[in-house]
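The report that follows goes through selected salt bridges, one buried helical residue and two surface patches. Please read it alongside the sequence and the coordinates.

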Amino acid sequence: YMFDDDKNIYLVMGIIRGMELWNVVHREGDDGNWVSGIPEANAKFYCALIADTLRYMHRYKICYRDLKPENIMVDESGYPVFVDFGFAKHIPSGITYTFCGTPQYTCPEIIDNQGHGLAVDWWAFGIVIYELISGENPFYYEGIPEMQLFEDILSQDPEPLPGEFSMEVKELIDQLLNKDPFTRLGTLNPNEVLTHPWFKSIDVEKGRMKQLEPPFLPPRNESTN
């Protein structure tokens, strides 16, 4: 909701009792060591609902432009919720040229300033899937100079997924991390993302109704008097 007075505009937002998806993927173990990555089946739950949300926004020509685990909350029911629409933009037709986003999730067409549209969200979605299941980023590593990161995104293939993962998820990530935005999966038909074989076991309609069992519930912080 929003309202205003003579001097201010007030934005009223609902509270989300939960945590960032980033904290689900990257967590400190009981021994004090950090663990990254979640089971592929769990990642599929979050990613199906993220893709469905992107599909909904794209239907209204809204480009999110900052998809990353830090901008997805997991609410008290265990479901993902988009937050922080600071970079979101209505792009009714054509392309836009604003340089924005988070570097390690930035797509090639933004970096080389060729103009971008809704396809940027599907590139970032590919990065998010990769990060959720592996705990890593296919282009970024700690300490990499930003210009080197951008050069690698433009000219290098993503790092192969470490570990054992299904052929379906590898194929999906490859199709999303297509440097050509015009042939990137989801660009021409956003429905083709959720009809990919990797999502075959997910009933998105039930997900919209919160009728799927979430893989994780955030701990509840009980208030005391």
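At 46% relative accessibility, K210 counts as partly exposed, because that class lies between buried (under 20% relative accessible area) and exposed (over 50%), as computed with a 1.4 Å probe on protein chains only. The structure is a predicted model, in which local features need pLDDT of at least 70 and side-chain atom pairs count only at pLDDT 80 or more, while totals for chains, interfaces and linings use all residues. Residues are numbered from 1 along each chain as its sequence is written, and side-chain values use heavy atoms, with hydrogens and water left out.

**Salt bridges**

The side chain of K210 meets that of D75 in a salt bridge, a term that stands for a side-chain nitrogen of Lys or Arg within 4 Å of a carboxyl oxygen of Asp or Glu. This pair links distant parts of the chain, since K210 lies in the segment after helix 8 (204–208) and D75 in the loop between strand 7 (72–74) and strand 8 (80–82), 135 residues apart. Helices (H or I, at least four residues) and strands (E, at least two) are DSSP runs, numbered from the N terminus. In contrast to its partly exposed partner K210, D75 is buried, at 10% relative accessibility.

By this rule five salt bridges are counted, among them the three listed here.

| Salt bridge | N to O distance |
|---|---|
| R55 and D52 | 2.6 Å |
| R208 and E205 | 2.9 Å |
| K210 and D75 | 3.0 Å |

R55 and D52 stand three residues apart in helix 2 (residues 40–59), so about one helical turn separates them. R55 is buried, with a relative accessible area of 14%, and D52 is buried as well, with a relative accessible area of 10%. R208 and E205 are likewise three residues apart, in helix 8, and are therefore separated by about one helical turn; R208 itself counts as partly exposed, at 42% relative accessibility. Salt bridges that share partners join D52, R55, E205 and R208 into one network.

Which residues does R55 touch, not counting those up to four places away in sequence? Its contacts, meaning heavy atoms within 4.5 Å, are W122, P190, N191, L194, V204 and R208.

**A buried leucine in helix 6**

L172 is found in helix 6 (residues 167–176) and counts as buried, because its relative accessibility is 0%. Leaving aside residues up to four places away in sequence, L172 touches I129, L185, H196, W198 and F199. One of these, I129, is 43 residues from L172 in sequence, while the two C-alpha atoms are 9.1 Å apart in space.

**Surface patches**

Patches are made of residues with over 30% relative accessible area and no salt bridge, like charges being joined within 9 Å and nonpolar side chains (Val, Leu, Ile, Met, Phe, Trp, Tyr) within 5 Å. Asp and Glu count as negative and Lys and Arg as positive, whereas His and the chain ends are not counted; the place of a charge is taken as NZ of Lys, CZ of Arg, CG of Asp or CD of Glu.

D157, E168, E171 and D174 form a negative surface patch. Within it, D157 lies in the loop between helix 5 (146–155) and helix 6 and is exposed, with a relative accessible area of 67%.

A nonpolar surface patch consists of Y1, F3, Y10 and V12, which together have about 450 Å² of accessible area, a quantity that comes from the Shrake-Rupley method with a 1.4 Å probe, where for residues only the protein chains shown count as cover. Y1 is placed in the segment before strand 1 (2–4) and is exposed, with a relative accessible area of 74%.
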